[in-house]
Structure formats: structure tokens, C-alpha cells
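Hi everyone, thanks for making the time. I'd like to walk you through one model, going from the empty spaces to the contacts between chains.

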Amino acid sequence: MRKGPTPFNIAAITAGLVFLYLPIAALVLYSFNASRLVTVWGGFSTRWYESLFANEALMGAAWVTVRVGLISATAATILGTLAAVALARGGRFGGRTLFSGLVYAPMVMPEVILGLSLLLLFVALRIDRGFWTVVIAHSTCTLAYVAVVVHARLVTFDRSLEEAAQDLGCPPIRTFLTVTLPNIAPAVAAGWMLAFTLSLDDLVVASFASGPGATTLPMRIYSQVRLGVSPEINAASTLLIAAVATAVLIYAIVGKWRRVKELRSEAGAGRRAAA
Amino acid sequence: MKTKRGERLAAIAPFLWLGVFFLFPFALVLKLSFSDQALAMPPYAPQIDWSAGLAGIRAFMSALDLETYARLKSDDLYLVAYLSSLRFAAIGTLLCLLVGYPIALGMARCAPNTRNILLLAVILPFWTSFLIRVYAWIAILKPEGLLNMGLEAIGLPGLSVLNTQAAVYVGLIYCYLPFMVLPIYAVLEKQDHSLLEAAADLGSPPWKSFWQVTVPLSLPGVTAGALLCFIPMVGEFVVPDLLGGVQTLMIGKTIWTEFFANRDWPSASAVAVVLLLTLVIPIVLYQRQQAKALEAGR
């Protein structure tokens with residue numbers, strides 16, 4: 001007999017979820033408040049959304065952020081996947097410890113230090129800070145997360161498939177593209193998504209690595225938030241939360257649907273075999 | 001045995017990338033922490049005079065000193081900021097554990113289907129912007145905010161929480177809770193339930209089995225969660241800056257101020273080097289634990 005949750009467990013979960021979601025719910029609710037004041041409910045209104053879309057500084061920053069995210073997530077995914085392949089499949093090679101340390105260190109490094117060190121690099125190399133320096137900085141910081149996700153998938157995946165392909169004379173690069181890559185694709189996609197959202201979210205590293213003309217959305221939001229609560233920021237946050245929630249839910253549903261399909265096809269194969 | 005040359009060649013690109021954009025910049029921070037502040041752009045001295053060849057490099061090396069570190073030691077402000085960062089991170093981690101453990105335990109006791117939904121519910125806020133989550137608390141904690149509205153409605157006096165240490169703790173718990181819940185849940189979920197049944201059969205009351213069976217077995221998850229919270233909390237910038245007000249001293253904020261407001265790049269670098277040295281022990285502990293978990297998982 002397995003014991004179900006006790007009343008105490010249920011209370012803990014409920015309290016935890018309320019704690020996690022109440023601030024977000026309040027934020028979303030007040031983005032529809034006609035009044036500028038948090039304490040006054042002035043009726044339902046979408047005026048902050050209108051003024052958000054009319055706010056060119058915020059919209060421009062949002063566009064910069066999306067472009068930085070797309071490019072840096074792609075670069076991080078390529079580099080992180082290569083790193084994961086080397087770590088999971090390369091066996092013991094000289095410098096492996098240094099390499100794995102280098103790959104995973106950015107994950108535990110405080111963001112202020114990462115940002116500071118990259119800024120010093122750009123200054124020392126006399127690179128003008130702007131869009132591309134933020135892309136480089138984000139690729140460096142998020143590469144490790146991709147490597148972790150892809151590495152986890154590579155170590156559980158049956159490598160005899162790769163060995164069989166190579167025994168049959170398939171060259172290594174083709175083996176990687178036709179056998180390994182399709183098998184680790186879900187992990188690579190998850191790694192890309194993680195890198196993309198981390199890049200969208202980052203304030204500290206971007207503030208150091210960016211220069212005039214490349215203000216990202218978090219930087220813009222931060223400078224407005226320091227001046228106080230603004231309903232426009234509530235509206236922008238609501239849109240971001242909605243986008244992320246939709247993406248995560250689609251990912252979860254597609255994953256579930258795929259598992260159901262796999263189960264069905266297995267069951268179908270079983271029936272055919274029985275007949 | 002197949003040769004693994006191809007797989008090893010895959011290491012070249014990430015290796016070079018990290019060498020140029022991670023390791024080398026770090027050497028620059030170290031170098032700068034031995035330099036002096038200067039009224040120039042970039043605002044530090046000495047610069048290497050490449051045209052003078054070897055002599056230029058020698059002159060550069062001799063101009064480096066420990067002056068910045070000596071100043072860090074003599075100025076109380078830095079020491080206070082370090083100690084208060086460590087205290088915030090330690091207490092914040094403990095509070096996360098106190099809040100997170102019951103949640104993880106409850107999740108692990110639910111039916112598998114409910115568990116997956118709860119897991120998604122705990123992870124979802126983690127995917128939304130950190131900055132936005134901190135921002136949401138400003139509207140709640142500020143004097144004319146939602147918390148005081150609620151307190152007033154039930155006839156209690158208002159509190160002023162924003163710009164105090166309490167606000168920093170609330171922000172830290174809120175932002176790092178998933179990092180604590182997920183590792184503990186992962187361990188508890190795999191725990192063999194028959195152990196608890198055996199304890200009960202032998203006459204152990206539930207609270208005693210909890211302390212003597214469940215808790216000791218969940219320690220690897222607790223350590224992982226604690227380190228995952230503690231390490232980034234020490235260097236945290238956004239939470240103390242937005243919720244803690246001007247009196248809250250934390251080291252991440254100090255680096256930021258030295259750099260952007262005071263334009264004292266050598267001091268910012270030296271503070272960063274010391275911060276990293278402080279974190280070496282927890283980081284090494286964490287990496288060793290991860291390596292052990294990876295070996296056990298195979």
C-alpha cells in the first residue's frame with residue numbers, strides 16, 4: 001500500500017503554489033487596471049497595452065532582445081552540443097578535466113564576474129560594445145546549459161547504434177548526422193529553448209557587454225523599474241509571461257502526445273504480432 | 001575499440017571559444033586587480049607599451065602591485081559587504097530549505113499524474129523573467145502596496161517591508177525556491193516506500209520514521225539544492241538592488257557600483273577576485289557531488 005499525501009502535504013503544496021503564483025497573478029491583474037496607482041482599481045482597461053505598443057524605446061529594446069536571443073541561442077546550441085559530444089563520447093583525452101571545468105564553470109560563476117570579465121576583454125581588444133558583444137556574451141554564458149542537457153541525453157542513449165553504423169562503414173560525420181543527431185534532437189531543442197529564455201532574461205551580463213545603441217528589454221525594464229512601478233511594465237511583463245507559458249505548455253503537450261503515439265504504435269505492433 | 005578522434009575534434013570549437021571568451025577575460029580581471037585607477041579611457045594604469053618591446057612589458061609588470069587589495073582590507077565597507085552577502089546567502093538558503101522541503105515532500109507523495117502537473121507548475125515561474133518576478137514583489141511590498149492593502153482590510157497596522165532585509169529574503173526565497181525544490185523532489189521521488197512501511201511495522205511513529213529514514217536518505221538532494229541556492233545568492237545583484245534599498249550591502253551590488261558609478265575598475269576587479277575565491281569551496285563541492293551523481297546514474 002502506498003500512502004497518499006497527508007493534509008499537511010496538501011497544505012504545503014497549496015501554500016507553495018499560492019506563494020509562487022500570487023505575485024504573478026497580481027502583476028497580470030494590474031496590467032489591466034485603468035488607474036496608474038496600484039492601490040486603486042480604476043476599472044478594466046487595455047490602455048497600458050496601447051501605450052506599450054506606442055512606446056518605441058521599449059519596442060525597439062524588445063526587438064534587440066529577440067534578435068540577440070535567436071542568434072546567441074543558436075551559437076550556444078552548436079558549441080554546447082559539440083562540447084557534450086566530446087565529453088560524452090571522447091573517452092579520456094588530454095585536457096579533458098580542464099575542458100569539462102571550462103564548459104561547466106560559467107554556470108556557477110556569478111553573473112557580475114562574467115559580465116565584468118567580458119567587458120574587460122572587449123575593452124582590451126578595442127571592440128566597440130554593442131549588439132554583437134551581447135551576442136558573444138550570451139553565447140558564452142548559455143553554452144554550459146545546452147551542454148548539460150545534451151550530455152544527459154547522450155549518456156542514456158544506446159551507443160551500439162552508432163557503433164553499428166560505423167561498423168557498416170558509415171563515416172563518423174555521417175553517423176553523427178544520421179544516427180546521433182536525430183536521437184538527441186529533443187535534447188538539442190530543449191537546450192536551445194533554455195539558452196533562448198536565459199538570454200531573454202539576462203540583465204547583468206548584458207549591461208556590462210552592451211554599449212550605446214544596443215539596449216535589451218531587461219536593461220530598459222530595469223531602468224524604468226528603478227524609478228518605480230509602471231503599468232506599462234506590467235503590460236510588457238504580462239505579454240512575456242504569456243509567451244513563455246504558451247511555449248512551455250506546447251512543449252509539454254507535444255511531449256505527451258508523442259509518448260502516447262509511441263505507446264499506441266507499440267500496442268499496434270503487439271496486436272499485429274499476436275494476430 | 002574504436003578510435004575517438006572525431007568526437008575529440010568536436011572539443012576544438014567550444015574549447016577555443018571558452019578560451020577566448022571565458023578564460024582569457026578572467027586573466028584580464030586578475031591583471032586589472034593589480035593595476036591602479038587612472039583618469040583615462042580605459043580608466044586604469046599601467047598599459048602595456050607594445051612599441052617598447054620587452055622593456056615595455058617589464059615596465060608594465062613592475063607597475064603592478066597589491067595596492068588595490070590593501071585598500072580592500074583597510075576599507076571596512078568591503079568587509080561588511082562580504083560578510084553581509086554571506087549572511088544573506090546562508091539565511092536565504094536555510095529559508096528556501098524550510099519552505100521548499102515540505103513542498104518537495106508533498107509532491108513526491110502525490111500520484112504520478114498529479115506529480116507531473118505539480119512539477120510543471122513549480123518550473124513554470126522559473127522560466128519567466130527573473131527581473132519581472134522581482135518587480136512583481138515591489139508592487140506587493142511597497143508602503144501603499146498590496147500587502148498593506150490586505151492588512152488594512154482585516155484591521156491590522158501596515159508594515160513597511162520594501163527596502164528592508166526582510167524584503168531581500170522574500171525576493172531570494174521567491175527566485176531560488178525551484179532550485180531547492182527540484183533536487184530534493186528528485187531524491188524523494190525515487191525513495192523506496194517499503195522502508196517507511198518497515199519502520200511502521202517495527203512500531204516507529206511517523207514523525208520518527210521521517211527523521212530517521214526520509215531525511216537522511218534525502219540529504220544528497222538537500223546538499224545539491226543548498227549549493228544551487230547559496231552560490232548564486234552570494235553574488236546576487238538584482239534582488240538586493242531592487243528590494244533592499246540603499247542600506248542593503250551585498251557584494252554583487254558593490255562590484256556594480258564600483259564599476260558603473262565610481263568607475264573604479266581595479267577595485268571592482270579585486271572585489272570580483274575575492275568573491276570568486278570565497279565561492280571556490282562551495283563550487284568545488286557542488287562539482288564533486290555532480291560527478292558522483294553522474295557516476296551513480298550510469
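So, what lines the second largest cavity? From chain A we have Thr197(A), Leu200(A), Asp201(A), Ser237(A), Leu240(A), Ile241(A) and Val244(A), and chain B adds Trp127(B), Thr128(B), Ser129(B) and Ile132(B). Keep in mind that this is a predicted model. Two elements give two or more residues to that lining, namely helix 8 (172-201) and helix 11 (231-274) of chain A. Helix 11 of chain A has the largest share, with four residues. By type, you get six nonpolar residues, four polar and one charged. The volume of this second largest cavity comes out at about 100 Å³, and the structure holds seven cavities of 30 Å³ or more.

Okay, on to the pockets. How big is the volume of the second largest pocket? That one is about 570 Å³. Its lining takes in 26 residues, and the ones nearest the centre are Arg226(A), Asp241(B), Gly245(B), Val246(B) and Lys253(B). If you want to find it on screen, look for helix 10 (217-225) of chain A, plus helix 12 (238-243) and helix 13 (251-261) of chain B, since each of these supplies at least two lining residues. Helix 13 of chain B gives the largest share here, seven residues. The lining splits into 14 nonpolar, seven polar and five charged residues.

Hang on to two of those names, Arg226(A) and Asp241(B), which are among the residues nearest the pocket centre. Their side chains meet in a salt bridge, 3.3 Å from N to O. Now, how many salt bridges does the rule find across the interface of chain B and chain A? Just the one. For polar contacts, the count between chain B and chain A is 10 residue pairs, with both partners at pLDDT 80 or more. On the side of chain B that touches chain A, helix 2 (residues 12-33) of chain B gives the most, with 15 residues. That side of chain B is made up of 64 nonpolar, 10 polar and 11 charged residues.

Let's put the whole interface together. In total, 85 residues of chain B are in contact with 90 residues of chain A. The buried area between the two chains is about 8000 Å², and carbon and sulfur atoms give 79% of that. Which three residues supply the most of what chain B buries against chain A? They are Phe22(B), Trp127(B) and Tyr135(B), with 10% of the area on the chain B side. And yes, you've met Trp127(B) already, as part of the lining of the second largest cavity.

One last stop, back to salt bridges. Over all chains the structure holds three. One of them sits within chain A, where Arg89(A) pairs with Glu162(A) and the closest N and O atoms are 2.9 Å apart. Arg89(A) belongs to helix 3 (residues 56-89) of chain A and Glu162(A) to helix 7 (residues 160-167) of chain A, so this pair ties together parts 73 residues apart in sequence.

That's my tour, and I'm happy to take questions.

How values were computed:
Residues are numbered from 1 along each chain as its sequence is written. Chains are lettered from A and ligands numbered from 1 in the order in which they are written. This is a predicted model: local features need pLDDT of at least 70, side-chain atom pairs count only at pLDDT 80 or more; totals for chains, interfaces and linings use all residues. Side-chain values use heavy atoms; hydrogens and water are left out. On a 1 Å grid over the protein atoms alone, a cavity is a set of points where a 1.4 Å probe fits but cannot get out, and a pocket is an open set with protein on both sides within 12 Å along at least five of seven lines; lining residues have an atom within 4 Å of a point. Grid points are joined across faces, edges and corners, and a volume is the space filled by probe spheres set on the points. Ala, Val, Leu, Ile, Met, Phe, Trp, Tyr, Cys and Pro count as nonpolar, Asp, Glu, Lys and Arg as charged, and the others, Gly among them, as polar. Contact means heavy atoms within 4.5 Å. Buried area is the accessible area (1.4 Å probe) that two parts lose on being put together, summed over both. A salt bridge is a side-chain nitrogen of Lys or Arg within 4 Å of a carboxyl oxygen of Asp or Glu. A polar contact is a pair of N or O atoms within 3.5 Å; within protein, one must be able to donate a hydrogen and the other to accept it, and residues adjacent in sequence count only if both atoms are side-chain atoms.
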